[in-house]
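Trainee: I've got the viewer open and a pile of questions. Mind if we go through this one together?

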Amino acid sequence: MLKTRIIPCLDVKDGRVVKGINFVDLVDAGNPVEVAKTYDKNGADELCFLDITASHEKRPILLDTVKKTAEQCFMPLTVGGGVRSISDIQSLLSSGADKVSINTAAVSNPDLIYEASSIFGSQCIVVAIDAKIVSKNKWEIFTHGGRNSTGINAIEFSKKVSDLGAGEILLTSMDRDGTKSGYDNDLLRAVSNEISVPVIASGGVGKVEDLIDGVMIGGASAVLAASIFHFGEISIQETKEAMSKAGISVRL
Amino acid sequence: MKNMSIAVVDYDCGNIHSATKALELAMSNSVINGSISLTKDPEKILNSDKLVLPGVGAFGSCIQKLKSIDGLKEALDEAVLKKAKPILGICIGLQLMATSSFEGGKHNGLNWIEGDVIPLDPSDAKLKVPHMGWNNIVVKKNHPVFQDIKISDYYFVHSYKFSPLDSKTIISSTNYGEDFVSSLGRDNILGTQFHPEKSQAAGVTLLKNFIEWSP
C-alpha cells in the first residue's frame, strides 16, 4: 500500500535554512546540509529544498548547496526557486535533485511545464502554487515568493498545469503560511478533487493534528512542514506514530 | 581479489549523481573494495565489472539519448548479452530493458527482457498517477539482492510499468490498485521499478547486495 509522505521543507536563503512568517522576517534555522542529514537519519520520507528568494532576486539557485545537500540525502529531494528554463532543470537534476519545483515560471510560461515533462518525465516536474483566498471557495495565485498577484484562479491553474504534464502540485496557502493555524483544507480538497496527480499540502502547520487533517479532510497525498520539524517541536517519528494511530498509512 | 569497478551509465537522463553517491556508501558497507565511476565511454563500460543503468525521464527521450551516444548501445549489448556482466537497471533504466514502450507513442527498447512498458492502470480512480512515494514490495522469487533486507518499503516514482512476457522473470510485485512488477530479472540482468538509491537503509543494503552478487 502506498504510504502518505511526510516532507520537511528547507526554505533556504543565502545558503541557510530559514523559515518565514508569511514569507517575511526570516528566522535562521541552520545549515541545509546538516538539516538534510538529520532528516535522512530520522526517517523523513522526502525532502524539499526551496531557494525562496531566487525568483525575486532573478538569480539562479545555489547549485553548490543543492549538490552538498543531495549528497547527504538518500531519500527523494525536490528543489525549487528561480527555475526558469530547461537548462535550469537540467542543472538541478544533475546536481542531485530528483524533482524540480517550478513556481513563478509556470505562471509566466506554462509551456515550460509541457516541454520539461516531455524531456524529463512528469514524475520530476512539480508545480508549486502559492494561493490566497479572495472570496468563499475562490483562490488566486501569487508569484515571486508571494509578492505578485496574478488574478489567476488556483483551481483552474492546477488543472491546466497537470494537463500540461506536471507530475505533482505543491500547494501552499499564503493565508496560512507561518500562522500555525493548520492547512487551508478547503483549498486542498478543491484542488485534489479536480486533478489526478498528487497534491502536497503546505502552509500553516502548527501541530501534528494539522498534518492529519490535511490528509483526512484535505485529501493530500503528502504533507509538508518546516518550522515544527526544524525547531524540534515534534519529531518525524512521533508525527508518523500519531498519523498511523489516526488511520493513515505511513512508513514507520 | 582485485578491485571491482562499477560503471554507472551516464546518458544525460536524470539523476545519476544520487545513484553514484548511494553506490559509494553501499560499497563502503560491503566486503568488496572497488570504485564507482560515472561514464558514457563504451570502452570503459566494456572494461568494468558491473553496470548500473539509472535514469529518470520519459522513455522516448531517454532511449533516444542513449542511442545518440556513439557506440554506447553496442557496448551495453555486448557487456550485458555477450560478456554477461551483472547489470542493475533503475526505474527508466529497468524500463529501457524492455522490447518496447508505449509512453508517448511506441518506442523500441533494448529488448534484453521481452515485454512491454505500458501505463499504470489502478482500478480505483481515486488513486493518483504518477504512483509516487513509499510502497511495499512482495518478493515472489528469492534473489540474492533482497537477502537480509527486513524492510519492505521502497521509493517509487513512475506512471508506467514493465509487463514481462515471461512471468518467471518477476522477482517482486507491488500493489497500487493493481499488482505490478516492482523488480525483475534473469541471469545477470536485474531491474527495479523503485529507486534503491532513494530508499534509505533498505535501498543501500540492496545496492550492497548487488555489489556482492555473483550471478
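Trainee: Which helices of chain A each supply at least two residues of the lining of the largest pocket?

Mentor: Keep in mind that we're looking at a predicted model. The largest pocket has a lining of 30 residues, and Ala220(A), Ser221(A), Lys126(B), Leu127(B) and Lys128(B) are the ones nearest its centre. As for helices of chain A that each put in at least two residues, they're H7 (185-194) and H8 (208-216).

Trainee: And which element gives the most to that lining of the largest pocket?

Mentor: By class, the lining has 14 nonpolar, 10 polar and 6 charged residues, and the pocket's volume is about 780 Å³. The top contributor, with 3 residues, is H7(A).

Trainee: Over to the chain contact. How many salt bridges does the rule find across the interface of chain B and chain A?

Mentor: Start with the contact itself: chain B brings 30 residues and chain A brings 39. About 2,800 Å² is buried between the two chains, with carbon and sulfur atoms giving 55% of that area. One of the salt bridges joins Lys198(B) to Asp98(A), with their closest N and O atoms 2.9 Å apart, which falls within the 4 Å cut-off. The count for the whole interface is 3.

Trainee: Which residues of chain B line the largest cavity?

Mentor: The structure has 2 cavities of 30 Å³ or more, and the largest has a volume of about 90 Å³. Its lining has 4 nonpolar, 2 polar and 3 charged residues. From chain A come Pro76(A), Asp98(A), Lys99(A) and Gln123(A), so to speak one part of the wall; Asp98(A) and Lys198(B), the salt-bridge partners, both appear in this lining. The chain B residues are Val56(B), Tyr155(B), Val157(B), His195(B) and Lys198(B).

Trainee: Now the sheet in chain B. Which strands stand at the edges?

Mentor: It's an open sheet of 4 strands with mixed pairing, in the order E6-E5-E7-E11. Two of these strands each have a single partner, so one side of each is left without a neighbour in the sheet. Those edge strands are E6 (107-108) and E11 (160-164) of chain B.

Trainee: Which residue in E6(B) stands opposite Ser101(B)?

Mentor: Strands of a sheet pair through backbone hydrogen bonds, either parallel or antiparallel. Here E5 (residues 100-101) of chain B pairs with E6(B) in the antiparallel sense, over 2 bridges. Opposite Ser101(B) you'll find His107(B).

Conventions. Residues are numbered from 1 along each chain as its sequence is written. Chains are lettered from A and ligands numbered from 1 in the order in which they are written. This is a predicted model: local features need pLDDT of at least 70, side-chain atom pairs count only at pLDDT 80 or more; totals for chains, interfaces and linings use all residues. Side-chain values use heavy atoms; hydrogens and water are left out. On a 1 Å grid over the protein atoms alone, a cavity is a set of points where a 1.4 Å probe fits but cannot get out, and a pocket is an open set with protein on both sides within 12 Å along at least five of seven lines; lining residues have an atom within 4 Å of a point. Grid points are joined across faces, edges and corners, and a volume is the space filled by probe spheres set on the points. Ala, Val, Leu, Ile, Met, Phe, Trp, Tyr, Cys and Pro count as nonpolar, Asp, Glu, Lys and Arg as charged, and the others, Gly among them, as polar. Two strands pair if DSSP finds at least two bridges between them. Contact means heavy atoms within 4.5 Å. Buried area is the accessible area (1.4 Å probe) that two parts lose on being put together, summed over both. A salt bridge is a side-chain nitrogen of Lys or Arg within 4 Å of a carboxyl oxygen of Asp or Glu.
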